[in-house]
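This report introduces a protein chain to a reader who has not met it before. The sequence and the structure are shown first, and the description comes after them.

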Amino acid sequence: MRCRNWREIRAMKAPIERASGAARRRRVAVAGLLAVATAGAVAFTAAQALATAGSGAVSTYMARGPVSQSVVIGVPKSVTATKVVRVRVKGKVVTRRVSFTYQTVTPLMSCGEATACDTAYQQLTIPPGGYTGWHTHPGPTFVAVAQGEGTLYHGMSGCPSFKYAVGAGFMQPPTEVHNMRNEGSTPLVLWAFYALPPGTANTAIRVDQPQPAECPNIP
């Protein structure tokens with residue numbers, strides 16, 4: 001048997017080493033993908049855990065219907081405009097800058113024949129100690145208190161809260177993160193009217209939101 005020199009031996013080992021290296025790289029790549037997938041799953045779970053579900057609140061949607069008339073739901077505001085006016089007086093052109101204030105609306109939602117809005121009417125009952133949890137709605141909401149007293153917390157700087165008793169009402173814009181709590185001793189009953197984008201399902205009228213950092217002690 002002929003003895004091979006080191007160059008021949010090295011040449012024979014090279015394909016094996018390359019295959020082994022490729023296998024190691026595949027194992028590292030798979031391990032990396034698994035690590036990314038695991039991290040993503042943990043992050044998704046954490047995001048789910050941040051959403052705040054309610055406690056004890058019972059919701060019943062009493063009626064649904066579209067609105068096809070031309071309607072704009074919005075918040076009124078005053079706007080000041082400045083115009084340059086030129087007037088000819090006795091053969092001379094006089095230039096004056098004139099300012100005036102007029103009323104307009106910041107739209108929250110528009111409805112019309114081409115894009116009819118959906119509407120929903122809801123009865124919400126919250127027992128003493130219960131709460132809705134932090135959430136928003138996809139459209140403007142109008143709420144009236146039919147029974148009891150509720151405290152509405154707003155997820156913004158200072159975590160402001162307002163109490164609403166029987167006969168009171170309020171409006172919530174779609175971007176407002178809020179949480180209604182029954183801190184009294186009798187059941188709280190609310191009636192809500194929702195203006196919604198077309199096709200909104202009942203399950204999508206409430207959008208769970210994470211607990212705001214501004215309200216760390218209000219679940």
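The following paragraphs go from the whole chain to its disulfides, core, salt bridges and surface.

**Overall organisation**

The model is a predicted one. Its chain has 219 residues, of which 25% count as buried. The secondary structure consists of one helix and 12 strands. Along the sequence these elements follow the order α-β-β-β-β-β-β-β-β-β-β-β-β, with the helix at the start. Among contacts between residues at least 6 apart in sequence, 77% join residues that are at least 24 apart. The chain exposes about 14,000 Å², and carbon and sulfur atoms supply 61% of that area.

**Disulfides**

Two disulfides are present in the structure. When the bonded cysteines are counted along the chain, the pairing is 1-2, 3-4.

One disulfide is formed by Cys111 and Cys117, with sulfur atoms 1.9 Å apart. A torsion of -100° about the S-S bond makes the link of Cys111 and Cys117 left-handed. Both Cys111 and Cys117 are buried.

The other disulfide joins Cys159 to Cys215, with 2.1 Å from S to S. This pair links distant parts of the chain, 56 residues apart: Cys159 is in the loop between E7 and E8, and Cys215 is in the segment after strand E12 (207–208). The torsion about the S-S bond of Cys159 and Cys215 is about 115°, so this disulfide is right-handed. Cys159 and Cys215 are both buried, Cys159 having a relative accessibility of 13%.

The backbone at Cys159 also deserves a remark. Most residues other than glycine have a negative phi. The phi of Cys159, however, is near 50°, a positive value. The loop that holds Cys159 runs between strand E7 (149–154) and strand E8 (161–165).

**A loop beside the first disulfide pair**

Pro198 is located in the loop between strand E11 (188–196) and E12. With 48% relative accessibility, Pro198 counts as partly exposed. Although Pro198 and Cys111 are 87 residues apart along the chain, their C-alpha atoms are separated by 9.3 Å. Leaving aside neighbours within four places in sequence, Pro198 is in contact with Thr115, Ala116 and Asp118.

**The largest nonpolar core**

The largest nonpolar core has 15 residues, and those touching the most other members are Phe170, Met180, Leu188, Leu190 and Tyr194. Strand E4 (117–126), strand E6 (141–147) and E11 each supply at least two residues of this core. The largest share, five residues, comes from E11.

Phe170 illustrates the surroundings of one core member. Beyond its neighbours within four places in sequence, Phe170 is in contact with Thr141, Phe142, Val143, Leu152, Tyr164 and Met180.

**Salt bridges**

The structure has four salt bridges. The table presents three pairs, including their closest N to O distances.

| Acidic residue | Basic residue | N to O distance |
|---|---|---|
| Glu183 | Lys163 | 3.8 Å |
| Glu183 | Arg181 | 3.5 Å |
| Asp208 | Arg206 | 2.6 Å |

In the pair Asp208 and Arg206, Asp208 is partly exposed at 38% relative accessibility, and Arg206 is likewise partly exposed at 27%. Through salt bridges that share partners, Lys163, Arg181 and Glu183 are joined into one network.

The accessibilities within this network vary. Glu183 is partly exposed, with a relative accessible area of 40%. Lys163 is exposed at 53%, whereas Arg181 is buried at 14%. As for the bridge between Glu183 and Lys163, Glu183 lies in the loop between strand E10 (178–181) and E11 and Lys163 in strand E8, so the pair ties together parts that are 20 residues apart in sequence.

**A nonpolar patch on the surface**

Which residues make the nonpolar surface patch of about 450 Å²? The patch is made by Val85, Val87, Val89, Val98, Phe100 and Tyr102. The elements that give two or more residues to this patch are strand E2 (71–89) and strand E3 (92–111). Val87 is placed in strand E2, and its relative accessibility of 42% means that Val87 counts as partly exposed.

Note on methods
Residues are numbered from 1 along each chain as its sequence is written. This is a predicted model: local features need pLDDT of at least 70, side-chain atom pairs count only at pLDDT 80 or more; totals for chains, interfaces and linings use all residues. Side-chain values use heavy atoms; hydrogens and water are left out. Patches are made of residues with over 30% relative accessible area and no salt bridge: like charges are joined within 9 Å, nonpolar side chains (Val, Leu, Ile, Met, Phe, Trp, Tyr) within 5 Å. Accessible areas come from the Shrake-Rupley method with a 1.4 Å probe; for residues, only the protein chains shown count as cover. A salt bridge is a side-chain nitrogen of Lys or Arg within 4 Å of a carboxyl oxygen of Asp or Glu. Helices (H or I, at least four residues) and strands (E, at least two) are DSSP runs, numbered from the N terminus. Buried means under 20% relative accessible area, exposed over 50%, partly exposed in between (1.4 Å probe, protein chains only). Contact means heavy atoms within 4.5 Å. A disulfide is a pair of cysteine sulfur atoms within 2.5 Å. A nonpolar core is a set of buried Ala, Val, Leu, Ile, Met, Phe, Trp, Tyr and Cys residues joined through side-chain atoms within 4.5 Å.
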